[in-house]
Amino acid sequence: MDVSYILNDLNDAQRQAVCSTERNLLILAGAGSGKTRVLVHRIAWLIQAENVSPFGILSVTFTNKAASEMRGRIESLLNTPTKGMWVGTFHGLAHRLLRTHWREANLPQNFQVIDSEDQHRAIKRIVRELELDDTQWQPKQVQWFINARKDEGQRPDNIEHHNDPYLEQLIVIYKAYETMCQRSGLVDFAELLLRAHELWLKQPTVLAHYQQRFSNVLVDEFQDTNAIQYAWLRMLVGTSGRIFVVGDDDQSIYGWRGARIEHIQKIQNDFPETGVVKLEQNYRSTGVILEAANALISVNTGRLGKNLWTDGKKGDPISLFSAFNEIDEARFVVNQIMKHVQEGGTRAETAILYRSNAQSRVFEEALFQLNIPYRVYGGLRFFERAEIKDALSYLRLIANRADDAAFERIVNTPTRGIGARSMEEVRMHARQYQISLWEASKAIVSDNRMSGRATNAIATFLTLIEQLSQETKERTLADKVEQTLKLSTLLHYHKNDKSEKAQTRLENLEELITAASHFRYEEGDEEPMDELSAFLSHAALEAGENQGDQWEDCVQLMTLHSAKGLEFPLVFLCGVEEGLFPHQRSTSDETKLEEERRLCYVGMTRAMKQLYFSHAQSRRLHGTDTYPSKSRFIEELPTELIQEVRLKGKVTQPTQHQSKKRTYASTKTSSYNGLRLGQRVSHGKFGEGVVLQFEGESNQARIQVQFDQAGSKWLVMSYANLQGV
Ligand code: ATP
Ligand code: MG
């Protein structure tokens, strides 16, 4: 077979990496130099030129989005589906292993994956059960502790406490949490990795099987592997496999989650005969963007050192927008996106990147008001919304009665008269006999040991779940979901609530039925599971992937962390302010500061053609007003590459912030078409409210009103038909 097509469109260094005959290979290269491309081509090369079976290939990357992109790229290069090949995230692959080897991993067959919010709730409950003060033993911190220990491969019994009472107590909580998870068949994200590693350690025959099977292991974004992932890879590769890793020390951004840059250096010691290839030509960004990114990252010390260059166009300067506040910032960004689309660009080519999830809301509102489709990656994703989690908890309990987390969540949602006292009783009983909440409830009902009303309420709940389970047994997944939403009265509950939020919740629940009807469980070569469990695992693992319409042309919103590996023609880096980015937590610690700088480098190098930085002079975050100065990262860029932009004369400038109240006075316009700032007005649809801001001129003029019921809205002045009241 002629395999030369695989090597077309690669430069010499890339080609050398793709057809390398070294046993193991490390590709160390900067952003946009074609690392992922090389990895994908390497897979094609192995299959086509070296006759490696697709079954012998395991390829791992960092996010679900990156994994599905990788699958797509391999398929189009090979022109065949990737079936049989293991391509996924560390968590996804670990999950697949545990589903297949649940017995060997000491898990129930129908174990459920819980996300970080469920984990947080569970820990909170345990802290309470242990009668500890949750201001001293904050669930968030305990969660952090447990996950960090798991990432290091440590079970409670392996942790040295050196008679430190604080540590001793944390270990006790960790242990109680572990017991609860084991009893309920629950597995959190860190546990997926730890169990998968223990599977290798404790089951040599299983390990030997996979070692023999996966002759070639490939890893993208290697700089972000943590201790447990690294150990897992090492064991899998063993003495006979080959490993091919690509990474960039300048893009290591998960140190806070236990990732170790040193793995890049260790790899040559730990894996014998490892060659190194460096790629230095960048194909992604314009000369200006690359030069600025290089300048920024050069401030960091202790780098492995790379020299990135491009022979592409110099391109436009980087734009810097200084906004009055976060609303002004969002409006500017959205306007630029609209301009981009008017000029023939697509929405999907644009990305709004920010440091923290909380920043997305203002952008979402601005986009929503103008009816511009968008997708948020990360943050409050579809499967994380409260109403969706309620619905999923019903399904989880149907699948697994021992799922205490699900039980807790829905036992009284919607309310059915099960009070805190009754629940306390159930919990105590469960604790005393080391049984699930479900079993405990059954026992309490049959003993008749509570008041008639309380017993009835619990009995009704138990019957409901049994009934649901029976009635949905033979149905399709979508029917199961629909029936559950109806019988649980969740739909009814939200229908009765007339607020705007409830309407969204209802839409989300309906979307869940759609998601279920689109869901296809593809049986791999692992032991089959039932469709419902597959769907629930999918919901926990792939949160975010199903949001919005996959094929719709949407503006992309995400945190800088989730943007890793991706590229977009037009990128907005928003909220580039001291305290936000670099993050407050990091400013006093040089190591953390360097990680923030790498994060900024990651953000900048996502941009192909145009890059915008924006910062706000005042920002309301978590309910308080702040007046941040622009980030040091902006100051670190060469000034000649930056152009400041401000839409002159179009925006009215607020002269003051009146402490907590968000009222703006305008220097130029304090009244407009007979309306004044601060005036009360009434609108046909939205009711009464207060005028907050004006913007624009003549028929472009817009007005922002804070409505009492409907919240803040931007309206076009000429259509709004506002009446003074
Ligand atoms: P990151 O560090 O951000 O993950 P990367 O090193 O993985 O980046 P890729 O995403 O593989 O880089 O490649 C960046 C862009 O450059 C892609 O659009 C890719 O198709 C393109 N590219 C890479 N190599 C070549 C080449 N030899 N010829 C043309 N385009 C290339
Ligand atoms: Mg990449």
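**Exercise 1. Which residues of helix 2 are buried?**

Solution. Start by locating the element in this predicted model: helix 2 covers residues 35–48. Next, apply the cut-off, since a residue counts as buried under 20% relative accessible area. Going through the helix, you should arrive at Lys 35, Val 38, Leu 39, Val 40, His 41, Arg 42, Ile 43, Ala 44, Trp 45, Leu 46, Ile 47 and Gln 48. That makes twelve of the 14 residues, so helix 2 is largely enclosed by the rest of the structure. As a last step, check the geometry: from the first C-alpha to the last, helix 2 reaches 20 Å, close to the 20 Å expected at 1.5 Å a residue.

**Exercise 2. Find out how strand 2 sits among its neighbours, and say which strands pair with strand 2.**

Solution. Take burial to begin with. On one side of strand 2 you find Ile 57, Ser 59 and Thr 61, and on the other Leu 58 and Val 60; they are all buried, and both faces are covered. With five of its five residues buried, strand 2 is therefore largely enclosed by the rest of the structure.

Now turn to the pairing. Strand 6 (residues 216–219) runs parallel to strand 2, with four bridges between them. To line the two up, put Ile 57 opposite Asn 216. Strand 3 (residues 86–89) is also parallel to strand 2 and is likewise joined to it by four bridges. Here the pair to look for is Val 60 opposite Gly 88.

Finally, trace the connection. Strand 2, helix 3 (residues 64–78) and strand 3 together make a β-α-β unit, and it is right-handed.

**Exercise 3. Describe how strands 19, 20 and 21 are arranged, giving the sense of each pairing.**

Solution. Begin with strand 19 (residues 680–683) and strand 20 (residues 687–695): they run antiparallel and share four bridges. Three residues lie between these two strands, which form a hairpin. A handy marker for this pairing is Ser 682, which stands opposite Glu 688. Then move on to strand 21 (residues 702–707), joined to strand 20 by six bridges, again antiparallel. For this pairing, use Phe 694 in strand 20 and its opposite number, Ile 703.

**Exercise 4. In the largest nonpolar core, which residues touch the most other members?**

Solution. The core has 63 residues, and the ones to pick out are Tyr 177, Val 217, Val 219 and Trp 232. Next, ask where the members come from: helix 7 (residues 165–184) supplies the largest share, eight residues. The core also draws at least three residues from each of domain 1 (4–101 + 194–280) and domain 2 (112–184).

Now zoom in on Tyr 177. Setting aside residues up to four places away in sequence, Tyr 177 touches Ile 114, Gln 119, Ala 122, Ile 123, Ile 126, Ile 146, Lys 150 and Asp 188. Last, look for a second, separate core: this one has 46 residues, including Ile 418, Leu 464, Leu 468 and Leu 485.

**Exercise 5. Where do the cis peptide bonds before Pro 414 and Pro 582 lie?**

Solution. Take Pro 414 to start. A cis bond joins Thr 413 to Pro 414, with omega about -10°, and Pro 414 is in the loop between helix 16 (404–410) and helix 17 (420–433). Then go to the bond between Phe 581 and Pro 582, also cis, with omega about 5°. Pro 582 belongs to the loop between strand 13 (568–573) and helix 24 (590–604).

**Exercise 6. His 162 and Asn 371 have positive phi values; are they buried or exposed?**

Solution. Phi of His 162 is about 45°, although His 162 is not a glycine. Its place is the loop between helix 6 (139–151) and helix 7. Now use the cut-off: exposed means over 50% relative accessible area. At 64%, His 162 is exposed.

Repeat the steps for Asn 371, where phi is near 60°. Asn 371 sits in the loop between helix 14 (360–369) and strand 11 (374–377). Its relative accessibility is 69%, so Asn 371 counts as exposed.

**Exercise 7. What does Thr 626 contact, leaving aside neighbours within four places in sequence?**

Solution. Thr 626 is part of strand 15 (residues 624–626), and is partly exposed at 32% relative accessible area. The contacts to list are Gln 617, Ser 618 and Arg 619. To finish, compare Thr 626 with Leu 218: they are 408 residues apart in sequence and 45 Å apart in space, C-alpha to C-alpha.

Terms used
Residues numbered from 1 in each chain as written. Chains lettered and ligands numbered in written order. Predicted model: local features only at pLDDT ≥ 70, side-chain atom pairs only at ≥ 80, totals over all residues. Heavy atoms only, no water. Buried < 20%, exposed > 50% of the residue type's maximum accessible area, 1.4 Å probe, protein only. Pairing = 2+ DSSP bridges. Right-handed = clockwise from strand over helix to strand, strands pointing away. Expected span 1.5 Å × (residues − 1). Core = buried A, V, L, I, M, F, W, Y, C linked by side-chain atoms within 4.5 Å. Domains from an automatic or database assignment. Contact = heavy atoms within 4.5 Å.
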